[in-house]
Amino acid sequence: MPTKPAPIKKAAKKEPAKKEEKAPEPAPEPAPAEAAPAPAEAAPAEAPPAEPEAPAAPPAEEPAPPPPPPADEPTSVPLDLFVEDKNDTSVTIIWSQPEVVGPSGLDGYTIEICKDGTEDWKAANEDLQKSCRYVIKNQTTGDRLKIRVVAVNAGGRSPPVMLPEAVLVKEVADRPKVRLPRFLRQRYVANVGAKINLTIPFTGKPKPVVSWTKNGQPLDTKRVNIRSTERDSILFIRAAEREDSGVYEMCVKVEDFEDKASLTLQIVELPGPPASVKVVDTWGFNVSLEWTAPTDNGNTEITGYLIQKADKKTGDWFTVLEHYARMNATISDLIMGNTYKFRVFSENKCGISESATTAKEEAKIVKTGIDYKPPEYKEHDFSEPPKFTTALNDRATTVGYSTKLLCSVRGSPKPKVQWMKNQMIIGDDPKYRQICVQGICSLEIRRPGNFDGGVYSCKAMNDHGEATVSCKLEVKQPIIADADKK
């Protein structure tokens, strides 16, 4: 009986052994011999199916070997190969990396070429190309090349990606075009001595041939320098002179195509003085001048003139007209008895001429005899008869209290005033004080008594008539306080 449990043990552990074969982990350690009697009681029930599999038990006692590592595989084919640019000696291609790279990664690319009509493929790069762009250089112009790219890694070469058609090694022709800047589309004006540095961009492929002319003739290379690149051409003059003015034409040419653009360069400077100045006429306080245009306008139009005068006594010049466009002028408000000289400057957009032309003639403002005849005016007759402008007013006064009568009178000649009381001339009575100043007449009655009341009159007389005004004076008795108490 002790010998039968061993096969049962082995049979009981058959399923765990299969699981261990599937898993990469090491097989479990073999069961100890002491554990065999534990399932002995259940052995009689499981013994019939376990006996036929007894021969498979020995391999389960040893650990299963680990699975072999996967073999390195090349990447999938690179993607999107096409030509980026080309010229007469090189072709530039770009592509995308393969969609499937694999665990081995990507070491680089090999670019292979062969002439159209052959299958003689040669690598264009000695070392693996890391980036997805490559320039195939040193090719013969006019050759047709077939191009393909292969990705390389530890698994080997990938399937190649190939251009659908052979590539002609030749510059792609692009019609030339001059891009003349906006400010050069109209006349370009510069001063004498200025530095001229004009850049005119252009396009075209292959590199256009650039040529320049001035007024239809070749440029004077001693005066004008031309520097051209693949994208623009520069016209340079170190110190401009007036003879550099003209129409410059730029021509760019690619094969049978060409384009032209012209620019007008105008070099200007200060003008010369007027050719002549003369005094045409002098009258009163005015002088008339005329002059002619300058022989040298500074290579630009004359915009005006500046006229100055100088008194012969002082010799100081003063501006009387500036920015004056006409060629004749009248100078006014001159001082009588003085002698004047005149000169004229020319003016253009650069400024005023450095020198002026002075008139040979002098203008003398002559003193002429002047007989002043004052106008005859009819003398106004201001004479008039006396007239009282303020009449006398009736008054009342108290005995012992002085009072004054007032009136005003006008007339020409000055009227004579006479005061009367009750139609009687007062005369020089010392009781009365008579005053008449500036037509204001007053009569002061000093401490009037009971008999000083009555009608007072003021009479004014002159050669043209007389006038009288009158008033009534009432003299009252003073009120006695004691009588009121009684």
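## Strand β24 and its partners

Two strands count as paired here if DSSP finds at least two bridges between them. With that in hand, take a look at β24 in this predicted model. Strand β24 covers residues 339-348, and eight of its 10 residues are buried, so call this strand mostly covered.

Which strand is joined to β24 by nine bridges? That's β21, residues 302-311, and the two run antiparallel. To find one of these bridges on your screen, start at Ile-302: its bridge partner in β24 is Asn-348.

Three short strands also pair with β24. Strand β25 (residues 351-352) runs antiparallel to β24, with two bridges joining them. These two strands form a hairpin, with two residues between them. Here Asn-348 turns up again, this time with Gly-351 of β25 as its bridge partner. Next comes β26 (residues 357-358), which pairs with β24 in the antiparallel sense over two bridges; Val-344 has Thr-357 of β26 as its bridge partner. Finally there's β27 (residues 363-364), antiparallel to β24 and joined to it by two bridges. For that pairing, look at Thr-339, whose bridge partner in β27 is Lys-364.

## A three-stranded open sheet

Now for β19, β20 and β23. They make an open sheet in the order β19-β20-β23, and the pairing is antiparallel. Why is one side of β19 and of β23 left without a neighbour in the sheet? Both β19 (277-283) and β23 (328-331) stand at the edges and each has a single partner strand, so one side of each has no neighbour there. On average, neighbouring strands of this sheet are turned by 20° against each other, ignoring direction.

Strand β20 (residues 286-291) pairs with β23 over four bridges, in the antiparallel sense. A handy place to pick up this pairing is Ser-288, which has Thr-330 of β23 as its bridge partner.

## Two cis peptide bonds

If you're checking the backbone, stop at two prolines. The peptide bond joining Lys-205 and Pro-206 is cis, with omega about -5°. Pro-206 is found in the loop between β12 (196-205) and β13 (209-214).

The other cis bond runs from Ser-412 to Pro-413, with omega near -5°. Look for Pro-413 in the loop between β30 (403-412) and β31 (416-421).

## Positive phi outside glycine

Two residues have a positive phi even though they aren't glycines. One is His-323, with phi at about 55°. His-323 lies in strand β22, residues 317-324. Is His-323 buried or exposed? Its relative accessible area is 56%, and the cut-off for exposed is over 50%, so His-323 is exposed.

The other is Gln-438, where phi is about 55° and positive, although this residue is not a glycine. Gln-438 sits in the loop between β33 (432-437) and β34 (440-445). With a relative accessible area of 76%, Gln-438 is exposed.

## An exposed lysine in a loop

One more spot to find is Lys-222, in the loop between β14 (217-218) and β15 (225-228). Lys-222 is exposed, at a relative accessible area of 78%. How far apart in space are Lys-222 and Ile-237? From C-alpha to C-alpha they are 9.5 Å apart, with 15 residues separating them in sequence.

Conventions. Residues numbered from 1 in each chain as written. Predicted model: local features only at pLDDT ≥ 70, side-chain atom pairs only at ≥ 80, totals over all residues. Heavy atoms only, no water. Axes fitted to C-alpha atoms, helices over the stretch in contact; angles between N-to-C directions. Buried < 20%, exposed > 50% of the residue type's maximum accessible area, 1.4 Å probe, protein only.
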